[in-house]
Amino acid sequence: MFFGKQKSPKSEHEKYKGVANKELYVKSKQEEKERKAERLSYLEIISQNLMLPPDIIAGAPIVTINGRNTICIENHKRILEYTSEKIRVSTKINCLCVEGKNLRVAYYTKEELKVVGMIHKVYYE
């Protein structure tokens, strides 16, 4: 018979639980980075074969400004703010702001948004 202090299985579990979680977290972050790198290289190959810019295939916003009165934004998500002086649009990358006077949305579809008016500034937030 052993009368000394015995270690309980629970205490051993608690001891290694934090280490295991940390290893899993690090591995999952590394795997995620590897997957992103693979996806980016895959998109580059596709874009080269189709002779298209990689930003179009990746879904990056495409901003086309015509003079001082018209701006077209492709691959947007939604309109965040809409006033006659400022229009904020959410994109996959970040928020795009258009500032000016008498701004209005000429048309709005799933793929494209057209803003008209006197444009003073266009910037990302």
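A residue is called buried here when its relative accessible area is under 20%, exposed when that value is over 50%, and partly exposed in between. By that criterion, buried residues account for 23% of the 125 residues in the chain of this predicted model. The accessible surface of the chain amounts to about 9,700 Å², and carbon and sulfur atoms contribute 55% of that area.

Following the chain from its N terminus, one meets its elements in the order α-α-β-β-β-β-β-β, which is to say 2 helices and 6 strands in total. How far apart in sequence the contacting residues lie can also be stated: of the contacts between residues at least 6 apart in sequence, 41% join residues at least 24 apart.

The strands are best read through the sheet that they form. In general, the strands of a sheet pair through backbone hydrogen bonds, and this pairing may be either parallel or antiparallel. In this structure, an open sheet of 6 strands is laid out in the order 1-2-6-5-4-3, and its pairing is antiparallel. The edges of the sheet are taken by strand 1, covering residues 62-66, and strand 3, covering residues 76-82, each of which pairs on one side only. Between neighbouring strands of this sheet there is an average turn of 45°, when direction is ignored.

Within that order, one pair can be followed down to individual residues. Strand 4, made up of residues 86-91, and strand 5, made up of residues 95-108, run antiparallel to each other and are joined over 5 bridges. A reader who wishes to locate this pairing in the model may look for I87, which stands opposite V98 in strand 5.

Strand 5 also contains N102, a residue whose backbone deserves a separate look. The phi angle of N102 is near 55°, a positive value in a residue that is not glycine. N102 has a relative accessibility of 64%, and because this is over 50%, the residue counts as exposed.

A second asparagine, N75, likewise has a positive phi, of about 60°, although it is not a glycine. The setting of N75 is a loop, namely the one that links strand 2, residues 70-74, with strand 3. Is N75 buried, partly exposed or exposed? Its relative accessibility is 26%, which lies between the cut-offs of 20% and 50%, and therefore N75 counts as partly exposed.

How values were computed:
Residues are numbered from 1 along each chain as its sequence is written. This is a predicted model: local features need pLDDT of at least 70, side-chain atom pairs count only at pLDDT 80 or more; totals for chains, interfaces and linings use all residues. Side-chain values use heavy atoms; hydrogens and water are left out. Two strands pair if DSSP finds at least two bridges between them. Helices (H or I, at least four residues) and strands (E, at least two) are DSSP runs, numbered from the N terminus. Axes are lines fitted to C-alpha atoms, for helices over the stretch in contact, and angles run from 0 to 180 degrees between N-to-C directions. Buried means under 20% relative accessible area, exposed over 50%, partly exposed in between (1.4 Å probe, protein chains only). Contact means heavy atoms within 4.5 Å. Accessible areas come from the Shrake-Rupley method with a 1.4 Å probe; for residues, only the protein chains shown count as cover.
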